Amino acid sequence: MGLRGEAAILGYFELPPERKLKREKTFNLEQWARLSKAALDDAGLDATDVNGIVTPMIGEADMFVPSTITEYLGINANFAEIVDLGGAGSAAGVWRAAAAVELGLCDAVLVTFPGTHDVPADARRPFEMTDKMYFGASSNAYGSPQAEFEIPYGNLGQNGPYGQIAKRYGHEFGYDERAMAKIAVDQRTNACATPGAVFHGQPITIEDVLASPMVADPLHMLEIVMPCQGGAAVVIGNKDLAAKSKNRPVWIKGFGERVPYKTPTYARDLMHSPMIHAADQAFGMAGIGRNEVDMVSIYDCYSITVLMSLEDAGFTEKGKGMQFVNEHDLTFRGDFPMNTAGGQLSFGQAGIAGGMHHVIDGVRQIMGRAGEAQVTDCNRAFVTGNGGIMSEQTALILEGN
């Protein structure tokens, strides 16, 4: 049961991230169209080849999001899906698109995640409603478990909860802050080899990380994602379209997903994330072992996310992640290439599109298009997505052949 590996990513496009928001207003719909067109051009395909879409929510529609997009683009979609899994959404969208292609529903599916949410005020969906009150996110509306039982006690946002996970990790297994800083340092090395990354040309040291402000003990500022403006898209097609694509096809060989809760308050064990199931399912479906991938792209909103994901995905034992980081070179030229374009810590996180950065990181390497940061003889990649607070988790196995 699962994918047969008969759908491939044929083209991609990722906007260079920008730290300063543009003054002009950008509609999500307009960005959806531009990103999609660029991904199709990259693949050498035409819009008439597309008969499926996968999207997150967009600012211009509170309902009927897929049809709003297909109407705007002029696509007759046989498959139109919303994925609302935060940072896990991009990887989740990829496997859903692959499944639609393998089932014969679609020839090609666009998976497009705009990263610009600066929609004109008169076109925003009505988050600010007179009969509701929201706390930090639209999912925390008055009456939700978070609004009633967590937020009044200060459990709000992302920094605090991720700091809580890191603190608990230290209590159970010990905490090497230099190892955690090395994650950020190695990824910055990769960003310095990736033109367009937010921190391209700005290397850092372990001492720089440890000297940066403490944001949520024990997490320093340089261990926390850099928000920016951007967006990304991929186009996934069948074997016939793969044969005429301009690029080396990147086949989706396996996936895994687990969504057990939204906030860590309801986790059975903070130290064992849903990635355990997601990774096991992905590797099992692809029929390969952990030692058979040539690079990994691990969702990295925080350094602790990377550490936990490496352990829970089975690349090292639980509690041995810091030793693993110290013993391996995580740069593109190292023995365990990870987040070879810098990851979100150094490339930048374009809002909901941040997860697509990791998909494209793996695709770029397998297509052999990573430039200076190219991993030698890269044919397989393991990619993860993470939504919520280590709660919604997805994994992919990508392969070129």
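## A walk through the sheet, its helices and a few unusual residues

D377 lies in the loop between helix 13 (354-367) and strand 12 (380-387). Before going further, please keep in mind that this is a predicted model. The backbone at D377 has a phi near 50°, which is a positive value in a residue other than glycine. Is D377 buried or exposed? Its relative accessibility is 60%, so D377 counts as exposed, since the cut-off for that word is over 50%.

Another residue makes a good companion to this one. N339 is found in the loop between helix 11 (321-327) and helix 12 (343-346), and its phi is also near 50°, again a positive value in a residue other than glycine. The surroundings are another matter: N339 has a relative accessibility of 0% and therefore counts as buried, a word used for values under 20%. If you are looking at the backbone, one more loop deserves a stop. Between strand 7 (214-216) and strand 8 (219-220) you will find P218. The peptide bond that joins D217 to P218 is cis, with omega at about 10°.

Now turn to the sheet. Strands of a sheet pair through backbone hydrogen bonds, either parallel or antiparallel. Here, 9 strands form an open sheet with mixed pairing, and their order across it is 3-2-4-9-1-10-13-12-11. Which strands sit at the edges? They are strand 3 (79-82) and strand 11 (295-297), each of which pairs on one side only. From one strand to the next, the twist averages 25°.

You can step into the sheet from the strand 3 edge. Strand 3 runs parallel to strand 2 (residues 52-55), and 4 bridges join the two. To find this pairing on screen, look for T55, whose bridge partner in strand 3 is I82. Helix 1 (residues 28-43) packs on the sheet, where it touches strand 1 (8-14), strand 2, strand 4 (108-114) and strand 9 (231-237). The direction of helix 1 makes about 135° with that of strand 4.

The next step takes you from strand 2 to strand 4, a parallel pairing over 3 bridges. A handy marker here is V54, which stands opposite V111 in strand 4. On to strand 9: strand 4 pairs with strand 9 in the antiparallel sense, over 7 bridges. In this pairing, V109 stands opposite I236 of strand 9.

How many residues of strand 4 are buried? The count is 7 of its 7 residues. Both faces of the strand are covered, with A108, L110, T112 and P114 buried on one side and V109, V111 and F113 buried on the other.

Next come the helix pairs. Two packed helices are described by the angle between their axes and the distance between the axes. Take helix 3 (residues 89-102) and helix 13: they pack at an angle of about 55°, and their axes are 7 Å apart. The two helices are therefore oblique to each other. On the helix 3 side the contact is made by S90, A91 and V94, and on the helix 13 side by G355, M356 and V359. Sorted by class, this contact has 4 nonpolar and 2 polar residues, with no charged ones.

A second pair to visit is helix 5 (residues 159-173) with helix 10 (residues 303-312), whose axes come within 10 Å and cross at roughly 55°. That crossing angle makes helix 5 oblique to helix 10. The crossing is left-handed. What meets what at this contact? Helix 5 brings Y162, I165, A166 and Y169, which meet I304, T305, L307, M308 and E311 of helix 10. By class, these residues divide into 7 nonpolar, 1 polar and 1 charged.

One last stop is S67, which has its place in helix 2 (residues 65-73). With a relative accessible area of 40%, S67 is partly exposed. To get a feel for the dimensions of the model, trace a line from S67 to I204: their C-alpha atoms are 46 Å apart in space, and 137 residues separate them in sequence.

Key
Residues numbered from 1 in each chain as written. Predicted model: local features only at pLDDT ≥ 70, side-chain atom pairs only at ≥ 80, totals over all residues. Heavy atoms only, no water. Axes fitted to C-alpha atoms, helices over the stretch in contact; angles between N-to-C directions. Parallel < 35°, antiparallel > 145°, perpendicular 65-115°, else oblique. Left-handed = near helix turned anticlockwise from the far one by under 90°. Contact = heavy atoms within 4.5 Å. Nonpolar A, V, L, I, M, F, W, Y, C, P; charged D, E, K, R; others polar. Pairing = 2+ DSSP bridges. Buried < 20%, exposed > 50% of the residue type's maximum accessible area, 1.4 Å probe, protein only.
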